[in-house]
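Thank you all for coming; I would like to walk through one model this morning, beginning with its charged pairs and then turning to its core.

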Amino acid sequence: MDTIDRFRTAVEERDVDALEALFAPEPRFFSPIKFTPFEGRAMVLGVFGVLMRRVFEEFRYVGELHGTAETAAGEATDSHVLIFRSVVNGKQIHGIDLIQLDEKGLIEEFTVMVRPLSAVTTLGEAVHTALIAEGLLPGQSR
């Protein structure tokens, strides 16, 4: 089973612990609600914990695409797009996870894009509140 299959299974089973071995030592998580990425394995895994345990309801992947795309650093790399559907605070969310792997096949960059705008707003509020509750962000405005 490759990294993407293992990642998808861990997310669908809400198994945050299984994600740790899938990430590069210094991954970056690009969120639709924050201009700069979350960086480092501990922070990225913390964000996944918040998403999987506190934010997303009825989360499921509904499709997958694969190819090559540039990372934020401008390097072409093995890239996968997982298409998902979920509910956050009663709002239906449609989105994609862009997963980019390093030369060892580990997740180096993870980018989330969601729609519609009302879902982005709802997601942003839910994630921000949960990150503060988990102690991953100080209790201040974004």
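**Charged pairs and core**

Glu64 is partly exposed, with a relative accessible area of 35%, where buried means under 20%, exposed over 50% and partly exposed in between, for a 1.4 Å probe and protein chains only. I should say early that this is a predicted model, in which local features need pLDDT of at least 70 and side-chain atom pairs count only at pLDDT 80 or more, while totals for chains, interfaces and linings use all residues. Residues are numbered from 1 along each chain as its sequence is written, and side-chain values use heavy atoms, with hydrogens and water left out.

Glu64 forms a salt bridge with Arg8 at 3.6 Å, N to O, the term meaning a side-chain nitrogen of Lys or Arg within 4 Å of a carboxyl oxygen of Asp or Glu. That pair links helix H1 to strand S3 (residues 57-70), 56 residues apart, with helices (H or I, at least four residues) and strands (E, at least two) taken as DSSP runs numbered from the N terminus. Arg8 also meets Glu12 at 3.4 Å.

Another salt bridge joins Arg28 and Glu109 at 2.5 Å, N to O; Arg28 lies in strand S1 and Glu109 in strand S6, so the pair ties together parts 81 residues apart in sequence. Glu109 is buried, at 2%.

As for the core, the largest nonpolar one has 39 residues, meaning buried Ala, Val, Leu, Ile, Met, Phe, Trp, Tyr and Cys residues joined through side-chain atoms within 4.5 Å. Helix H3 (residues 41-55) gives the most to this core, with eight residues.
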